[in-house]
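Open the structure in your viewer and keep the selection tool handy. We will go from stop to stop, picking residues and looking at what surrounds them.

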Amino acid sequence: MTLLLFLITALVLIYRATDANQARIAIVVATGLGVLLDGIGTFTLVLAAVLIGVALLLMQPNPLRERFLSRPLLGRIRSMLPKLSDTEAQALESGSVDWDGELFSGSPDWDKLLNARPAQLSEDEQAFVDGPVEELCAMLDDWAMVHEDFDLPAPVWERIKADGFLGLMIPEAYGGKGFSHTAHSETVMKLSTRSVSAAVTVMVPNSLGPGELLLEYGTDEQKDHYLPRLARGEEIPCFALTSPVAGSDAGAIPDKGIVCRGQWQGEEVLGLSVTWNKRYITLAPVATLIGLAIKVYDPDRLLGGDEVVGVTCVLVPRDLDGVHAGARHLPMNTVFMNGPTWGNDVFIPLEQVIGGREGIGKGWTMLLECLSIGRSISLPALGTGAGKLASLATGAYAYTREQFGRSISEFEGVQEALEPLAGHAYQMNAARLLTVGMLDRGVRPSVPSALLKYRNTDLMRRAINHAMDVVAGRGVITGPRNFLARAYQAVPIAITVEGANILTRSLMVFGQGAIRCHPYITREIEAARGSDSVRGARAFDGVFYRHMGHTVRNGLRALLLGYAGGRLERVPFKADLERYYRQLARFSAAFALLTDVTLLSVGGGLKARQRLSGRMADSLVALYYASAVIKFWHDQGYPPEQKPLVEWCLQRNLADLQDALRGAVDNFPVPALRRPLRWLVFPPGHTRLSGPDDTLGRTVAAAIVEDTPLRDTLAAGCYRNENPDDSLGRVLNAYRLARETAHIRDRLHAAIRKRDEDELDGIALLMGHQRAELVNWAVGEGIVKEEEREPLLAALTALYDVLRVDAFDPDGLRELAQAAKGKRRVVERPAPQEPLEEPEPYPETGSYAVEERTTDADAAEDEESRDPTS
């Protein structure tokens, strides 16, 4: 009984995370009670003394524990903990931890989530979204931009500059809007539902470059000079990070700056001779101010420090000798400005280093801080916009498209595609708002920004694919009528940029989060990295045993909550979500346990275990998105019409979470641990979760088909119009007319079905364009009233028009091709007298695709003499 009571008490204290003083008293009392029950004797007294002594030794710091336990343990664990490079260590020190830390803890505080200030727009911000953003959307003709202009038209560029779109985040004191991150996200999201090219053009200057860097790290002189010019659009910025051979890996950047003396504005000053070769740089072809990430070297020690200084962010004016830009990439048939930039031995003074001389070598930290902001906003907003557009347009199209006398939205096969469209749009928006809400509270969410970018762009891909399944041939044919083509083509852009999704999922989300968000592991790594063994052991001693208690506690919680279906957990009793809170708490404990076991058993080998890391990332994504859905519904005031969507999202995420954890356990890289982990995480008799059933799925699918407030909630922030000549407006106009005349068309269809073919006098064989004949027959037969003639004819005309696709005659296609060819070949600058100076060709293409166009008429007409690869 002495041993049993001791063990039970210890486990209960660990499970409840009891205060150390209270725990010591409880251990002594429980062990003493066991001695009394066993009978006072030599053995029981010795056993009790040993148990209490061991407990007290482990529960509080003391010289014996430090010398005989902590120091030997530290030596063994040094080899097990992940070894961090300097850039990785800086990455872990950047950003901050918020709700992601709660999920890694294994015992999330739901009140912290629910009580956090939600993302919201001020009156001025809402007016901007409803005014200038709406007006800019109305100006955009995506077909013309892509197939005729190969650019945003000049009036659009002027409107973007005049209305302050390039200075959304720049404070009013510098001439900018001074908007919140939420306003930035809402602006990008709405623009993306109209034109990906316009959205990217606006989002890049507001997310990274280089205004955000100047705002956070620039000197006063730099801010005073550049920020007003950026806000007014007098300077067009870009920021160049990606190199052909290094991607976005700062540790492998080959671009360099050599500290030297040179001439600047007629004076000899200390500066950098910069050489770079960058690609995929948005706005580079039109940028007047180029931000660069380079590595700085000081071989002559002119700065008085080391020869290798480190990653540095600099500003290079476009008009300096030796700077090259202007050639363009065309990313997946979108026309936002994107291209290479390069330069050889371009001299800039130290005042062009962001942050001045003090900013040299601090570029990696600057980038990490600002990238977490941009990654939280730009592509997640674009992905959400695509999801909203796909839901709005596809739901409307499914309602208007009829087959066998019924709307295809009534077919279960179609509903299977509409269901995730609605559900994913809801949770993408919820996760977006949860994360930008953190930003507006001053959090720099490095881990949430990575998982949000990865998941929202992945769900964007799924949403567009589901939409294409429903729209079918209507979405395949290119032309100004197609409302899905550009979003479909742009999916790979979102998947690839700002950290390719494979990299983000398999390396960044869990690899960074497991260390950055863990309550103890970072301090253990710091202790292990220290050169002073005595201080390191002392620091390690102060945290390791708490870490072990944390691990045991999560193991107990995972086991007991798994058996009890989470019923032992105290959760908020709001909106009938208790069962979901409990399951999320259970899986959070399991996730935290598996995180600890992974770090302690795999350690530094985690980088190579990318399947495990990817599955753990998927687990964290599911926890985060389920939390975001709960938070969003709470902030909305729990409107009852949203409950089916909320339950669908929670059930889907819980099922995904369960599958991801099971995959991680079943394939754990240490085979001996698989069975114990399976027993702890999925104990015998635990409840196996399934995704949403068909009944709930039909209800969710109807959310984007029926004209209800729920459909408006899902489409909130999406640009909408009912212009029958517009790609999206054509569908929404037909949807409105179809709903207004549903009762008339139902009568017409019923009458046709009831009559034999002979009685119809050929009416059943009328083609779609013979609408007038059909309506005249229906009026003559008394099926349709005279006053219903025009509304019915208008609706039938709109419904047929929705089905039509674009067709081009051969001459029209040739004209289109010639126009495109002319746009592609002409470089709008004076013909150079000497060939353009270019760097070595890209290894993968052998050409920069830059072609000189002279004004010589003969050369212009000699098309065959041109290099076709250009």
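**A tour of charged pairs and one serine**

Start by selecting Asp-576 and Arg-579: these two form a salt bridge in this predicted model, with 3.8 Å between the closest N and O atoms. How exposed are the two partners? Asp-576 is partly exposed, at a relative accessible area of 41%, and Arg-579 is also partly exposed, its value being 41%.

That pair belongs to a longer list, since searching the whole structure turns up 37 salt bridges. Let's visit a few others.

**Next stop: Glu-102 and Lys-112**

Select Glu-102 and Lys-112 and show their side chains, which meet in a salt bridge with an N to O distance of 3.7 Å. Now colour the two helices: Glu-102 sits in helix H6 (residues 99–105) and Lys-112 in helix H7 (residues 110–115), so this pair ties together parts that are 10 residues apart in sequence. Turn on the surface and look at each partner in turn. Glu-102 has a relative accessibility of 16% and counts as buried because the cut-off for that class is under 20%. Lys-112, with a relative accessible area of 37%, is partly exposed.

**Further along: Arg-730 and Asp-801**

Now pick Arg-730 and Asp-801, another salt bridge, where the closest N and O atoms are 2.8 Å apart. Which parts of the chain does this pair link? Arg-730 is in helix H29 (residues 727–740) and Asp-801 is in helix H32 (residues 789–803), so distant parts of the chain, 71 residues apart, are linked here. You may want to hide the surface for this one, as both Arg-730 and Asp-801 are buried.

For a group rather than a pair, select Arg-229, Arg-232, Glu-234 and Glu-235 together. Salt bridges with shared partners join these four residues into one network.

**Last stop: Ser-449**

Finish with Ser-449, which you will find in helix H17 (residues 446–471). Is Ser-449 buried or exposed? At 0% relative accessibility, Ser-449 counts as buried. Show the backbone of Ser-446 as well: its oxygen lies 2.8 Å from a polar atom of the Ser-449 side chain. Then select the residues around Ser-449. Leaving aside residues up to four places away in sequence, Ser-449 touches Ser-372, Arg-375 and Ser-376. Display those three alongside Ser-449 to see the contacts.

Notes:
Residues are numbered from 1 along each chain as its sequence is written. This is a predicted model: local features need pLDDT of at least 70, side-chain atom pairs count only at pLDDT 80 or more; totals for chains, interfaces and linings use all residues. Side-chain values use heavy atoms; hydrogens and water are left out. Helices (H or I, at least four residues) and strands (E, at least two) are DSSP runs, numbered from the N terminus. Buried means under 20% relative accessible area, exposed over 50%, partly exposed in between (1.4 Å probe, protein chains only). A polar contact is a pair of N or O atoms within 3.5 Å; within protein, one must be able to donate a hydrogen and the other to accept it, and residues adjacent in sequence count only if both atoms are side-chain atoms. Contact means heavy atoms within 4.5 Å.
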